[in-house]
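Here's a quick briefing to read with the model open beside you. Take a look first, then go through the points by topic.

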Amino acid sequence: MKTRRDFLKGALAAGGALVGAGAPVAAAARETHAVPPEAMGLLYDATLCVGCKACVAACKEANGNPAEFSTVDQLWDTPLDTSGHTFNIIKMYRNGTMDTKDAETNGYAFMKTSCMHCADPSCVSACPVSAMTKNPENGIVEYNPDKCIGCRYCVAACPFGIPKYQYDDPTGRIGKCELCRHRHKDGHYSACAEVCPTGATLFGRTADLLAEAKRRLALKPGSTATFPRGHLRHAQLKELLGQPAGQGRMERKGWRDEPNQNYEGVVGNYQQHVYGEKEYGGTQVLKLSGVPFEKVGMPALPPYSSAATSETIQHTLYGGLLMPVAVLGALTWVAKRNVKSDEGGES
Ligand code: SF4
Ligand code: SF4
Ligand code: SF4
């Protein structure tokens, strides 16, 4: 009759044989997904931002979020960071005497913090129930509270610290910017871009926003230039680039008809870098700044998403049965030790 010992020996041998026989152990490393061609996003230009925070208030209103107080008098909505009820915030960089805007030394600068709508989002990859998904057409990273189980894996996975849990709510959910997608059906775009008085936050197709960002980087610092406000349309971009009208891509239908809006401003002393063009494999929200990005709170990230690497590791371990075999082996070893102590009376 077979003893438990025989069974355990057999189990270990089988595990070893699987690995030894060269069971498929490596899944092909996957590439970081690219931004979809018709992806929508935002361009935030810190040099145009005047720190009025109209975008913060508009975001609250558009998403039905309550005020959050950080002052004793509780007179104003004064969130200190993004939260389950604050999806957009303007932070401030300060140095020395703070005399000059957008100067790294003795200067100050603003920076918008909201979801970057990554090309290959790790929040989507980490979510075990697909409550976070990426829209294949416009690339918006969407959240479905009906599917969410509150595990908060997305919170831990995001390199920008964006998804936040509503701890104050017994039926808490995750809060984060969804690019105001609930407003799109009525032809409205992102509320933060709609209200921004200077065009510092601009809504549009990510490819157009990138071209506009590069146009700005080529302008002469200190000169006066025209900056689009609100919603950058492709025709408006062509005009700004001095390219002939017509024959462009078709504008997606459904947006409210409105005349092009512009703002005449002074060209900032830009860092020659469009943040989000490459970071993390690309993001649909792009940023320009006069102060180095790491100084204004934007993390230095590699040009690939950790979703690609973590999924490759997972698929390698699980796809090749390495992990189950290793776990079975470890469990078997523990069980075997216990059998020994049963049989031999060891403690
Ligand atoms: S509304 Fe525009 S200018 Fe005002 S804080 Fe927001 S981004 Fe800056
Ligand atoms: S910024 Fe964070 S929450 Fe937003 S898409 Fe990227 S990983 Fe997800
Ligand atoms: S797009 Fe909408 S949800 Fe996102 S930061 Fe702007 S106003 Fe807030």
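The notes below cover the two ligand shells, one helix and one loop residue. Keep in mind that this is a predicted model.

**Ligand shells**
- Ligand 1 has 14 residues around it, and the ones that come nearest are C49, C52, K53, C55 and C196.
- Sorted by class, that shell around ligand 1 holds ten nonpolar, three polar and one charged residues.
- Ligand 2 also sits among 14 residues, with C115, M116, C118, C123 and C158 coming nearest.
- For ligand 2, the class split is eleven nonpolar, two polar and one charged.

**Helix α2**
- This helix runs over residues 54–62, and its buried residues are C55, V56, A58, C59, K60 and A62.
- C55, then, turns up twice: it is buried in α2, and it is among the residues nearest ligand 1.
- What do the buried residues of α2 pack against? Their partners are β2 (89–94), α5 (181–184) and α6 (191–195).
- Right after α2 comes G64, which takes a positive phi of about 60°.

**D102 and its surroundings**
- You'll find D102 in the loop that links β3 (100–101) to β4 (107–113).
- Is D102 buried or exposed? It counts as buried, because its relative accessibility is 15% and the cut-off is under 20%.
- Its side chain makes a polar contact with the side chain of K101, at 2.9 Å.
- Setting aside neighbours within four places in sequence, D102 is in contact with A46, T47, Y108, A109, G290 and V291.

Technical notes:
Residues numbered from 1 in each chain as written. Chains lettered and ligands numbered in written order. Predicted model: local features only at pLDDT ≥ 70, side-chain atom pairs only at ≥ 80, totals over all residues. Heavy atoms only, no water. Near = heavy atom within 4 Å. Nonpolar A, V, L, I, M, F, W, Y, C, P; charged D, E, K, R; others polar. Buried < 20%, exposed > 50% of the residue type's maximum accessible area, 1.4 Å probe, protein only. Helix = DSSP H or I, 4+ residues; strand = E, 2+ residues; numbered from the N terminus. Contact = heavy atoms within 4.5 Å. Polar contact = N/O pair within 3.5 Å; in protein donor to acceptor, adjacent residues only side chain to side chain.
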